[in-house]
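Reader: I'm in my first year and still learning to read these pictures. Could you pick one helix and walk me through it slowly, along with whatever it packs against?

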Amino acid sequence: MPAKAAKKKSKLGSWAFLIGVILALILGALGAITPVIATVLIILGIIVGLLNITAEEVTPFLLASTVLVVVSYLGGGVLKDTIGWAYNMLNGLLTMFVPAAIIVAIKEVFSLAKQ
């Protein structure tokens, strides 16, 4: 029975990741990220951080998400005045990945503190 629960959680996390990235990119390109959509992206990021990242994936996820967050933030600053839709897409990704990275980092800190 526990294997089914773990598999179900994994599927939920995978779907949250896929839906979040699609929403961030499409609605960002359309300039339609409202406060409600931003809240949905934050919740999806939290779900991804809680359910989708295994212990073996923590370091690669944190490295990749840190690069994504830094490059999106800095790239958004460059693109803001020239390519508005790309700036909006990057902000959508930031809205989802920042909470996911924070959750995974906190989980890792607690894991390290246990040892």
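Author: Let's start with a term: helices (H or I, at least four residues) are DSSP runs, numbered from the N terminus. The span you'd expect of a helix is 1.5 Å times one less than its number of residues. Before we go on, this is a predicted model, where local features need pLDDT of at least 70, side-chain atom pairs count only at pLDDT 80 or more, and totals for chains, interfaces and linings use all residues. Residues are numbered from 1 along each chain as its sequence is written, and side-chain values use heavy atoms, with hydrogens and water left out.

Now take α3, residues 58-79. Its 22 residues reach 30 Å from first C-alpha to last, close to the expected 32 Å.

Which residues of α3 are buried? They are Val58, Phe61, Ser65, Val69, Ser72, Gly75 and Gly76. Here buried means under 20% relative accessible area, exposed means over 50%, and partly exposed lies in between (1.4 Å probe, protein chains only). Look down the axis of α3 and its buried residues fall within an arc of 155°, so they line one face of the helix. That arc is taken from the directions from the helix axis to the C-beta atoms. It helps to know that an α-helix has 3.6 residues a turn, so residues three or four places apart point the same way. On the other side of α3, Thr59, Leu63, Val71, Leu74, Gly77 and Val78 are exposed.

And what do the buried residues of α3 pack against? That partner is α4 (84-114). Serine 65, which sits in α3, makes a nice example. This serine 65 counts as buried because its relative accessibility is 1%. Skipping neighbours within four places in sequence, serine 65 is in contact with Phe97 and Ala101, where contact means heavy atoms within 4.5 Å.

Phe61 from the buried list also turns up in the largest nonpolar core. A nonpolar core is a set of buried Ala, Val, Leu, Ile, Met, Phe, Trp, Tyr and Cys residues joined through side-chain atoms within 4.5 Å. This one has 18 residues, and Leu41, Val48, Ile53, Phe61, Met96, Phe97 and Val104 touch the most other members. The elements giving two or more residues to this core are α1 (2-29), α2 (35-51), α3 and α4. The largest share, 6 residues, comes from α4.

One more stop is methionine 96. Not counting residues up to four places away in sequence, methionine 96 touches Ala16, Phe17, Gly20, Val21, Leu41, Gly45 and Val48.
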